[in-house]
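Good morning, and thank you for coming. Please look at the sequence and the structure on the screen while I describe how the chain is put together.

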Amino acid sequence: PPPSAVVQKFDPTLFNGRWYIAAGLNPLFDTFDCQVHFFEGARANGPGEPGRLYAKLNWRISAPDGENIDKSAIQTFVQDPKVPGALYNHDNEYLHYQDDWYILDYEAGKGNDDSDAFVLVYYRGRNDAWDGYGGAVLYTRTPNYSAAVKERATAACDKAGLGFKFADLKAPDNSCSAESASERLL
């Protein structure tokens, strides 16, 4: 994305805790049901040092027989010291890939009220099988987004000029209870 579309300040510790994908653009990656993700952010240790974001991503796939298959992955992102709104997840011990996340907008929430907390992520990636996939996700602290979040996300997508509108993002079914499965998801 153009540099003007990416936030110029982002503290990875804002992402600490449980987040839901409340809307997603790419049906191959972003709109699975019950997408509950847990993050732990770490600030940079000094000038020129990157911040980090550790993620446990959970989602549910519906099998043809009607059963649900719960999946999860662990990922580590490194913050770009020159572009704090860019987080890079490159390779792991099993796969050769790159997932580059760009924060288009965010709100940390206000005090004990997380109803309007969100992080809007645009991403691009490649792996051994596919060069150039991408999408966008809206993370919220609650399973669904508020009208205020929709307004901010719509403006951020329009400003970014990336060829999609917020209205193109689809909401997954987050009606499953993450709380009842908290030990399994954590």
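Strands β4 and β5 run antiparallel and are joined by two bridges. Please bear in mind throughout that this is a predicted model. Strand β5 covers residues 86-90, and strand β4 covers residues 68-79. Across this pairing, Gln79 stands opposite Leu87 in β5. The connection between β4 and β5 is a hairpin of six residues.

On its other side, β5 is linked to β6 by five bridges, again in the antiparallel sense. Here Ala86 has Tyr102 of β6 as its bridge partner.

Let us now step back along the sequence to β3, which spans residues 52-62. Eleven bridges hold β3 and β4 together as an antiparallel pair. One position to find on the screen is Ser62, which stands opposite Asn68 in β4. Five residues lie between the strands in this hairpin, and Gly66 takes a positive phi near 95° there.

How do these pairs fit into the whole sheet? The strands form a closed barrel of eight, in the order β1-β2-β3-β4-β5-β6-β7-β8, with antiparallel pairing. On average, and with direction ignored, neighbouring strands of this sheet are turned by 35° against each other.

Where is the barrel closed? Strand β1, residues 17-24, pairs with strand β8, residues 131-140, in the antiparallel sense over four bridges. Within that region, Gly24 stands opposite Val137 in β8.

Next, the helices. The chain contains two helices along with its eight strands, and in sequence order the eight strands are followed by the two helices. Helix α1, made of residues 147-160, lies across β6, β7 and β8. The helix runs at about 125° to β6.

I turn now to the largest pocket, which holds about 690 Å³ of space. Strands β2, β3, β4, β6, β7 and β8 each give two or more residues to its lining. Which residues lie nearest the centre of this pocket? They are Phe29, Leu57, Gln75, Asp99 and Tyr133, out of 25 lining residues. By class, the lining comprises 16 nonpolar, six polar and three charged residues. As a general point for reading such a picture, side chains in a regular strand alternate between the two faces of the sheet.

Finally, the overall dimensions. The C-alpha trace spans about 50 × 40 × 35 Å along its principal axes. For 186 residues, a compact globule would have a radius of gyration near 16 Å; the chain has 16 Å, and therefore agrees with that expectation.

To close, I would ask you to trace two things on the screen: the eight strands of the closed barrel, and helix α1 lying across β6, β7 and β8. Thank you for your attention.

How values were computed
Residues numbered from 1 in each chain as written. Predicted model: local features only at pLDDT ≥ 70, side-chain atom pairs only at ≥ 80, totals over all residues. Heavy atoms only, no water. Pairing = 2+ DSSP bridges. Axes fitted to C-alpha atoms, helices over the stretch in contact; angles between N-to-C directions. Contact = heavy atoms within 4.5 Å. 1 Å grid on protein atoms, 1.4 Å probe; cavity = no way out; pocket = protein on both sides within 12 Å on 5 of 7 lines; lining within 4 Å. Points joined across faces, edges and corners; volume = space filled by probe spheres on them. Nonpolar A, V, L, I, M, F, W, Y, C, P; charged D, E, K, R; others polar. Rg over C-alpha atoms; globule rule 2.2 N^0.38 Å.
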